[in-house]
Amino acid sequence: MLEGAYRIGLGLIVAMGLMAFATTIRAPNGYGRYLGDKLAGTIAARPGWLIFEAPQWMAFALTFWFTARAININTATLLLLGLWQAHYLYRGLGMPFRMRIGSKRLPIATIWFGLPFNALNGFVNGYAVGHAEHLASASWLGDPRFIAGLAIAGVGWVINVHSDNLLFRLRKPGETGYRVPYGGMFRFVSSANYLGEIMLWIGWAVMTWTAAGLIFALFTIANLGPRALSHHKWYRATFADYPPERRALIPFIL
Ligand code: NDP
């Protein structure tokens, strides 16, 4: 029965990814700089982020602990569980308190779309790690796919967190305006944090070698790719002195 739910979950995530791409390529999701002063249909951004991200770590941990095959509980899968939890506990419980979003709001529609997606994604990834045949032995830790994926994910995570930190520091406590970010991978692209996020999930897909990991990486590209293009256009329209050599998402290319 759970195998059926896993397959349906994968199908739903593909559908959500296509929907996210089709809508965000036309107009960016209306949170952050695209929300303006709108109050109707919104909630305070900080609790919004806390609610929004919680299903990712809850669903992964619960699915893994309650459904994983005994043979799939080994050093390799426990490391994967630990990495997922470390990332999402920071993203869900730490980052919302580090963001300088003061009085800013988050659209309730964003949360309504994000909650089922995050719950499903936590479930399918927890299920995949708990059931994949190739993850039934700790020898996966020595597999070149695991090592290469871990390296890509590690570099992506560092770029993502470092870039987010540079963005947070652009505001003094209480400020809500925008400045041009400099330093780190912002030398090359406008959405350095999204570049890191995409690398992180490509790395996860490679290191787990599961359909769930691959579909999440593709979803992240479909969701953040168009948003990175919107951010780039917005920076160019907003700041006359915006660095002309800077690309949107992929250094020297896009
Ligand atoms: P943004 O880059 O839009 O914003 C990140 C934070 O920095 C926000 O608090 C934002 O404030 C602030 N900020 C951004 N640009 C500036 C600037 N020029 N001057 C001052 N402050 C700025 O990222 P998101 O909010 O979309 O995402 C936050 C994190 O979540 C990122 O790490 C992202 O990768 C991740 N994420 C992952 C997704 C996935 O599909 N896996 C989906 C969405 C996000 P404000 O909110 O006021 O604009």
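This is a short chat about a predicted model, covering its ligand site and a surface patch.

Me: Ligand first. How many residues surround the ligand, and which are closest?
Reply: The ligand has 27 residues around it. The closest are Tyr31, Asp164, Tyr178, Arg179 and Tyr194.

Me: Which helix gives the most to that shell?
Reply: H7, which supplies six residues.

Me: And which helices supply at least two residues each?
Reply: Helix H3 (75–98), helix H5 (144–168), helix H6 (192–208) and H7.

Me: How does the shell divide into nonpolar, polar and charged?
Reply: Twelve residues are nonpolar, seven are polar and eight are charged.

Me: What about polar atoms facing the ligand? Where does His231 sit?
Reply: A polar side-chain atom of His231 is 3.0 Å from a ligand oxygen. For Asn223, a polar side-chain atom lies 3.2 Å from an oxygen atom of the ligand. Arg171 has a side-chain N or O atom 3.0 Å from a ligand oxygen.

Me: How much of the ligand does the protein bury?
Reply: The protein buries 95% of the 880 Å² that the ligand exposes when taken alone.

Me: Switching to the surface. Which residues make the nonpolar patch?
Reply: Phe21, Ile25, Phe188, Leu229, Ile250, Phe252, Ile253 and Leu254. The patch is about 770 Å².

Me: Take Ile253. Where is it found?
Reply: Ile253 is in the segment after helix H7 (211–238).

Me: Is Ile253 buried or exposed, and why?
Reply: Ile253 is exposed, because its relative accessibility is 63% and the cut-off for exposed is over 50%.

Methods. Residues numbered from 1 in each chain as written. Predicted model: local features only at pLDDT ≥ 70, side-chain atom pairs only at ≥ 80, totals over all residues. Heavy atoms only, no water. Patch = residues over 30% accessible without salt bridge, like charges linked within 9 Å, V, L, I, M, F, W, Y side chains within 5 Å. Areas by Shrake-Rupley, 256 points an atom, 1.4 Å probe, with all protein chains shown as cover. Salt bridge = Lys/Arg side-chain N within 4 Å of Asp/Glu carboxyl O. Helix = DSSP H or I, 4+ residues; strand = E, 2+ residues; numbered from the N terminus. Buried < 20%, exposed > 50% of the residue type's maximum accessible area, 1.4 Å probe, protein only. Near = heavy atom within 4 Å. Polar contact = N/O pair within 3.5 Å; in protein donor to acceptor, adjacent residues only side chain to side chain. Nonpolar A, V, L, I, M, F, W, Y, C, P; charged D, E, K, R; others polar.
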